[in-house]
Amino acid sequence: MKKIKDYIIENPPLYPGLSFFMIFGGQFIIGYIRENVFYLFHLTLGILGLLMMIISLLVKKRNKVNKKSI
């Protein structure tokens with residue numbers, strides 16, 4: 001089983017998406033729970049980070065399949 005650190009090193013585009021998701025998504029959840037305020041900016045950047053992570057994982061998976069077929 002690979003460690004998370006090794007997986008991030010092998011897939012550099014995953015790092016910015018993970019950072020955006022953790023920082024802005026976390027701020028959105030904390031702000032919503034504490035103050036019951038819906039920050040659209042934090043929500044948008046959190047979703048952007050989640051999309052960046054998903055896209056980088058799909059591209060990595062697709063590239064791995066293409067290399068096996070060659």
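Is F28 buried or exposed? In this predicted model, F28 comes out as buried, with a relative accessible area of 13%. That residue is a handy way into the fold, but the overall layout comes first.

The chain holds three helices and zero strands, and from the N terminus on the elements simply run α-α-α. The radius of gyration is 15 Å, well over the 11 Å that the globule rule gives for 70 residues, so the chain is more spread out than a compact globule. The box filled by the C-alpha atoms says roughly 55 × 20 × 15 Å along the principal axes. Of the 70 residues, 20% are buried. As for contacts with a separation of 6 or more, 55% of them join residues 24 or more positions apart.

Now for helix α2, which covers residues 14–35. Its 22 residues should span 32 Å at 1.5 Å a residue, and the C-alpha atoms at its ends sit 31 Å apart, which agrees. Buried residues in α2 are L14, G17, F24, G25, F28 and G31. Because they cover an arc of only 165 degrees around the axis, they end up on the same side of α2. The face turned away from that buried side carries Y15, M22, I33 and R34, which are exposed.

Back to F28 and its aromatic company. The count of aromatic pairs comes to five. One of them joins F28 and F38 edge-to-face, at 5.3 Å centre to centre and with 90 degrees between the planes. F28 lies in helix α2 whereas F38 belongs to the loop between α2 and α3, so this pair ties together parts that are 10 residues apart in sequence. F38 also pairs with Y32, again edge-to-face, with 6.3 Å between centres and 85 degrees between planes. Y32 itself counts as partly exposed, at 41% relative accessibility. Elsewhere, ring pairs link F20, F24 and F41 into a cluster.

The loop between α2 and α3 also houses N36, and the backbone there does something a bit odd. Just after α2, N36 takes a positive phi of about 55 degrees, although N36 is not a glycine. Most residues other than glycine have a negative phi. N36 counts as exposed, at 60% relative accessibility.

Helix α3 takes up residues 40–69, and three of its residues show how it meets other parts of the chain. Start with H42, which lies in α3 and counts as buried at 17% relative accessibility. Leaving aside neighbours within four places in sequence, H42 is in contact with F24, G25, Q27 and F28. Three of those partners, F24, G25 and F28, also appear in the buried set of α2.

Further along α3 comes M53, which is buried too, with 13% relative accessibility. Beyond its neighbours within four places in sequence, M53 is in contact with L14, G17, L18 and F21. Of these, L14 and G17 are among the buried residues of α2. There is also a distance that reaches back towards the start of the chain: the C-alpha atoms of M53 and I9 are 14 Å apart, with the two positions 44 residues apart along the chain.

S56 is the last of the three, also in helix α3. At a relative accessible area of 6%, S56 is buried. What does the side chain of S56 reach at 2.9 Å? The partner is the backbone oxygen of M53, so within α3 a buried serine is in polar contact with a residue that is itself buried. Setting aside neighbours within four places in sequence, S56 is in contact with N11, P13 and L14. L14 therefore turns up in the contact lists of both M53 and S56, and L14 is one of the buried residues of α2.

Terms used: Residues are numbered from 1 along each chain as its sequence is written. This is a predicted model: local features need pLDDT of at least 70, side-chain atom pairs count only at pLDDT 80 or more; totals for chains, interfaces and linings use all residues. Side-chain values use heavy atoms; hydrogens and water are left out. Helices (H or I, at least four residues) and strands (E, at least two) are DSSP runs, numbered from the N terminus. Buried means under 20% relative accessible area, exposed over 50%, partly exposed in between (1.4 Å probe, protein chains only). A polar contact is a pair of N or O atoms within 3.5 Å; within protein, one must be able to donate a hydrogen and the other to accept it, and residues adjacent in sequence count only if both atoms are side-chain atoms. Contact means heavy atoms within 4.5 Å. The expected span of a helix is 1.5 Å times one less than its number of residues. The arc is that of the directions from the helix axis to the C-beta atoms. Rings of Phe, Tyr and Trp (its six-membered ring) pair if their centres lie within 6.5 Å; planes under 30 degrees apart count as stacked, over 60 as edge-to-face and the rest as tilted. The radius of gyration is taken over C-alpha atoms; the globule rule is 2.2 Å times the number of residues to the power 0.38.
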